[in-house]
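Please find below a colleague's note, set out as numbered points, to be read alongside the sequence and the coordinates.

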Amino acid sequence: MSLEPKDEYDHGEWLREKDLTPIESTFLTTLMWMDKRFRIVDYLEILETLYYRVNLQMPKSHTEQYGLDNKFWYWYPLYALGSFSTLAYAVAAISGALLGFYYSPSTAGDPSAAYNQLTFIMTDLNFGFMLRSIHRWSAQVMVAAVFLHMLRVYFTGAYKEPREVNWILGIILISLTLVFGYTGYLLPWDQLAFWAGQIGVEMSLSVPLIGEWVAHLLFGGFSLSQATLQRMYILHVFLLPFVVTTLVAVHIGIVWMQGIAEPH
């Protein structure tokens, strides 16, 4: 398809001739305004053509290959785990962003400022207890859903060619999900967080050859300190969300191109 300039066309007159609802009229007016300036329709058509060309090279799904009804109702719960994981991640991200307005990653004081802020959220902030509970439970649901999703992919053989790249992405994502949970577990800076952090330090030191370097990089030393909490906060709030969101988008994009591998 060519991106050569097209002849001018009176879109406004065409729009007035149609019997459209206000929503349809607003949508088409916006689309035409954008298209006139940025040629978005042309580029969308190019993406559509590319999508179908890519799909021609992909193997047919089980239902397409054997001409079966696509409504395997008894498989639906297992095949919704990926979407369920994404939904849980979105809920955790939104609730976590709201919690970030009130959290302070500081170990100063006894008890620490981080713990005091958590106490404030749980006891004094309006809907704070509910907000933190939503964040915690959505994170736990996400871990469980991702794990079950990986099991479903493995036992139905959906990791095989040509979907092996997405399987590798899934392994990376479940690993990052566990790192997400661990970094968030340390942020309250209570007794549970302290001893979980100490276990992390000992595990880092057990890595052959580079153990001390890993402990300094991730925990700021061989014992827990302000540097430890600062690192966990940066990982949990600034680094992991961007990395995980990007990989999730790529993961879903590959599924969209290849189609879902139904059970055989």
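1. Helices are here DSSP runs of H or I with at least four residues, numbered from the N terminus, and this numbering fixes what is meant by α11, just after which Gly 220 takes a positive phi of about 75°. The model is a predicted one, and the remarks that follow should be read with that in mind.

2. As to the overall make-up, the secondary structure of the protein comes to 12 helices and 0 strands, so that the pattern read along the sequence is α-α-α-α-α-α-α-α-α-α-α-α. Of the 264 residues, 30% count as buried. Among contacts between residues at least 6 apart in sequence, 65% join residues that are at least 24 apart.

3. Helix α11, which spans residues 211-219, has Gly 211, Val 214, Ala 215 and Phe 219 among its residues, and these four are buried. They lie on the same side of α11, because the arc they cover around the axis is only 100°. On the other side of α11, Glu 212 and Trp 213 are exposed. The cover over the buried residues of this helix includes α9, α10 and α12, the last of these being residues 226-258.

4. Two of those covering helices also deserve a point of their own. The axes of α9 (residues 164-186) and α10 (residues 191-205) come within 8 Å and cross at roughly 130°, which makes α9 oblique to α10. On the α9 side the contact is made by Tyr 182, Tyr 185 and Leu 186, while α10 contributes Leu 192, Ala 193, Ala 196, Gly 197 and Gly 200. In terms of character, the residues of this contact divide into 6 nonpolar and 2 polar, with no charged residue taking part. The two polar entries are explained by the convention in use, because Gly is counted as polar.

5. A last point concerns Ser 95, whose place is in helix α6, residues 81-99. Is this residue buried or exposed? Ser 95 counts as buried because its relative accessibility is 4%, against a cut-off of under 20%. The side chain of Ser 95 reaches the backbone oxygen of Val 91 at 2.8 Å. When residues up to four places away in sequence are not counted, Ser 95 touches Leu 131, Ile 134, His 135 and Ser 138.

Methods
Residues numbered from 1 in each chain as written. Predicted model: local features only at pLDDT ≥ 70, side-chain atom pairs only at ≥ 80, totals over all residues. Heavy atoms only, no water. Axes fitted to C-alpha atoms, helices over the stretch in contact; angles between N-to-C directions. Helix = DSSP H or I, 4+ residues; strand = E, 2+ residues; numbered from the N terminus. Parallel < 35°, antiparallel > 145°, perpendicular 65-115°, else oblique. Contact = heavy atoms within 4.5 Å. Buried < 20%, exposed > 50% of the residue type's maximum accessible area, 1.4 Å probe, protein only. Polar contact = N/O pair within 3.5 Å; in protein donor to acceptor, adjacent residues only side chain to side chain. Arc of directions from axis to C-beta.
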